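Okay, thanks for squeezing me in today. I'll put the model up and then walk through a few spots that caught my eye.

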Amino acid sequence: MFNVTTKTMQWGDETLTLETGKIARQADGTVIATLGETSVMANVTFAKEPKPGQDFFPLTVHYQEKYYAAGKVPGGFFKREARPTEKETLTARLIDRPIRPLFVEGFKNEVLVMCTVLSHDLVNDPDVVAMIAASAALTLSGAPFMGPIAGCRVGYVDGEYVLNPSVDDMQNLRNNPEQRLDLVVAGTKDAVMMVESEAYELTEAEMLGAVVFAHQQIQPVIDLIIDLAEAAAKEPFNFQPADYSELYAAVKAAGEDKIRGAYAITDKQARTTAVAEAKAAIKAALTEEQLADANLGTALKKLEASVLRGDVVKTGKRIDGRDTTTVRPIVCETGLLPRTHGSALFTRGETQGLVVTTLGTGDDEQFIDALHGNFKSNFMLHYNFPPYSVGEVGRVSGPGRREIGHGKLAWRALQAVLPAATDFPYTIRIVSEITESNGSSSMASVCGGSLSMMDAGVPLKAPVAGVAMGLILEDDGSYAVLTDILGDEDHLGDMDFKVAGTENGITSLQMDIKVAGITPEIMEKALAQAKDGRIHILGEMNKALSGAADFSIHAPRIETMQIPTDKIREVIGSGGKVIREIVEVSGAKVDINDDGIIKIASPNGDSIKKAYDMIWSIVAEPEEGKIYKGTVVKLVDFGAFVNFFGKRDGLVHVSQIENRRLNHPSDVLKEGQEVWVKLLGFDDRGKVRLAMKSVNQETGEEITKEEAEAGE
């Protein structure tokens, strides 16, 4: 019944297996990729003809994590997988970005790629496995896909690159000081197509070395996919790109000068209007047959690209008048919003972000129900891109893939410089509202986020800035690397290369390529040029704020204390009775974790102190030789019982009350009276022994031996 083909290889410390022919045989291409005990099924289907009038390539990539893969039941009320999680959305983008440029130009048939996690061993992250499975399924499907590609993850420990580190190693770099990098690279046999990373201030040379290392490590995987395709691939789909050379010649003749004139306008809105008018004039000069051609949009875009790209490579001048290395004018402001904890307005040319920081307590941490386990995050960054930021109208809905992806990129760039949770026990939420956009709003979010956190008083290890680089690569091999690209340069260029970091190194790198890949030499030049741009932007940011400002008066104060883990139960009390009483009496929020770290939060310092003292009285142990203020709780013939330390009582023997003989303790004491006592120690049965006569009852100071003898 089945015609199964399997290919296997040793890849690093694990075995990689690709299998096809048993499951989902009606799809155009299906491959189950397994690394260790992590298995992902990729299914590819594509329409055999485009929809009428289709003028773009409709590729959709879905990545789904099934909770059964890790032996879990989903959380929530309905107990089933529902809308995509952030991880699923980011992984879908991770797969989409390197495969999209490799479809034959002109192919506009709908393509669906679905990746489903079937098994997860909690060691090997399924995202890289899914990318390999998707590439293999596309290669088998017969679609006009110029792959295959492969991908891998790279870590960096003690100066050594590590292939496919485990999920635990990558879970939270902030809690793993030995691990300095989480890098995912995808590429073809000849070139790198996509890079996504989170890093701890790596140098440009270290980052480039990681990319080169990754490209070397994926070569045997590409060979394995080719071996599988030679045994099981379907016949190539009969697709011939449409010849629109005559249409392009007509479009060029009708309006090249108009398009060139439109791109000579430096203001974005005016330029957009002029380009639209130029296109309308071109269409007015065409025949009805030419207007009905489905490749008209492609021809117009090609004309735009040729005008923009050719001028930059030939003259070194860009459409806004800059040269290839100049960053647009920057204005930074902080403290704009009076009631927020921190705010910043970062403006770079026609790109602007209003970025706001809010500080919360442990109750505000984000709870994440992930396939590999449940955990909490105390740092969030949310990115919003409303239509008005580009002068458009449109439907406003929840965050889409773009918003989630840009927000995560900014999150990765900033998380490397956050203070340790033990030093700064706050939950941090950043919201980036993009109010204007003309290129690299994600990097504006990085710059604005850094300023906003410093304005809120967050003690960052160093300020972070980001810059987007572009590339124009011509057929003859000539190229130009562009610093701080505009929206049009991103749209019509060959590379979107975003680099963020401090003065000391890179904290995040993201690269997307629209051509068949770039060489290490081009990447090295782009990294060096990006460093110059980043240092310049950091200098402009420092003019507004170079370090943490005063802590906002509107933010909650949080104090931490560490208690022995065996005392946690006493602080919580039966059914939470004790901790509820502490919260009610003090008015402060109290959060305690399994390690005995307690966070006490309140805008009122007195409330924090009261809660702290109440907790301390429960967990602290009295110290021998110290003096305490107590209250007489009971008088007996042989002495007085004094409550001196929380709920702890001790005995002051009648001989230790005064330096004279007393008939009864009631001669000088009464119940409820406050007294000073010194802890002498503990007897054989653990009973507390106290003394009053060695303490000055007026001042609470210890009486010296000389003073005692003089008193006698």
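Let's begin in the loop between helix H2 (126-141) and strand S7 (150-157), which is where proline 148 sits. The peptide bond leading into it, from glycine 147 to proline 148, is cis, with omega near 0 degrees. Keep in mind that this is a predicted model.

Staying with backbone oddities, go to the other end of S7. Aspartate 158 is in the loop between S7 and strand S8 (160-163). It isn't a glycine, yet its phi is positive, about 55 degrees. Is that residue buried or exposed? Aspartate 158 has a relative accessible area of 70%, so it counts as exposed.

Lysine 79 does something along those lines: a non-glycine with a positive phi of about 60 degrees. You'll find lysine 79 in the loop between strand S5 (59-65) and H1. With a relative accessible area of 46%, lysine 79 is partly exposed.

That loop takes us to helix H1 itself, residues 86-99. Quick sanity check on the geometry: with 14 residues at 1.5 Å each, H1 should span 20 Å, and its end C-alpha atoms are 21 Å apart, which agrees. Now, how many of its residues are buried? Twelve of the 14, so H1 is largely enclosed by the rest of the structure. The buried set isn't just greasy names, by the way; among them are Glu88, Arg93, Asp96 and Arg97, along with Leu90, Leu94 and Ile95.

Next, the N-terminal strands. Strand S3 (residues 29-35) is mostly covered, with seven of its seven residues buried. Remember that side chains in a regular strand alternate between the two faces of the sheet. For S3, which faces are covered? Both of them: Gly29, Val31, Ala33 and Leu35 are buried on one side, and Thr30, Ile32 and Thr34 are buried on the other.

As for partners, S3 pairs antiparallel with strand S2 (residues 14-20) through four bridges, and there leucine 18 has alanine 33 of S3 as its bridge partner. S3 also pairs antiparallel with strand S4 (residues 38-46), over seven bridges, with threonine 30 opposite asparagine 43 in S4. S3 and S4 form a hairpin with two residues between the strands, and in that hairpin glycine 36 takes a positive phi near 65 degrees.

Okay, my favourite bit: strand S17, residues 427-436. Seven of its ten residues are buried, so S17 is largely enclosed by the rest of the structure. Strand S13 (residues 351-360) pairs with S17 in the antiparallel sense over nine bridges, while strand S16 (residues 379-384) runs parallel to S17, joined by six bridges. Put your finger on isoleucine 428 in S17: leucine 359 stands opposite isoleucine 428, and isoleucine 428 is also the bridge partner of phenylalanine 379. And what do S16, helix H10 (residues 401-415) and S17 make together? A β-α-β unit, and a left-handed one.

Two single residues before I zoom out. Threonine 483 lies in strand S19 (residues 479-483), and at 0% relative accessibility it counts as buried. Skipping its neighbours within four places in sequence, threonine 483 has contacts including Arg318, Arg322, Val467, Met469, Gln529 and Gly533.

Then there's glutamate 570, in helix H14 (residues 568-572). At 38% relative accessibility, glutamate 570 counts as partly exposed. Again leaving out neighbours within four places in sequence, glutamate 570 is in contact with Val578 and Ile618. Valine 619 is 49 residues away from glutamate 570 in sequence, but their C-alpha atoms are 7.6 Å apart in space.

Zooming right out: the protein has 17 helices and 29 strands. Its C-alpha atoms fill a box of roughly 120 × 65 × 45 Å along the principal axes. The radius of gyration is 34 Å, where a compact globule of 712 residues would come out near 27 Å. Buried residues account for 51% of the 712. Among contacts with a separation of 6 or more, 68% are between residues 24 or more positions apart. Finally, the accessible surface is about 33,100 Å², with 50% of that belonging to carbon and sulfur atoms.

That's my tour; happy to rotate anything you'd like to see again.

Methods
Residues are numbered from 1 along each chain as its sequence is written. This is a predicted model: local features need pLDDT of at least 70, side-chain atom pairs count only at pLDDT 80 or more; totals for chains, interfaces and linings use all residues. Side-chain values use heavy atoms; hydrogens and water are left out. Buried means under 20% relative accessible area, exposed over 50%, partly exposed in between (1.4 Å probe, protein chains only). Two strands pair if DSSP finds at least two bridges between them. A crossover is right-handed if, with the strands pointing away from the viewer, the path from the first strand over the helix to the second runs clockwise. The expected span of a helix is 1.5 Å times one less than its number of residues. The radius of gyration is taken over C-alpha atoms; the globule rule is 2.2 Å times the number of residues to the power 0.38. Contact means heavy atoms within 4.5 Å. Accessible areas come from the Shrake-Rupley method with a 1.4 Å probe; for residues, only the protein chains shown count as cover.
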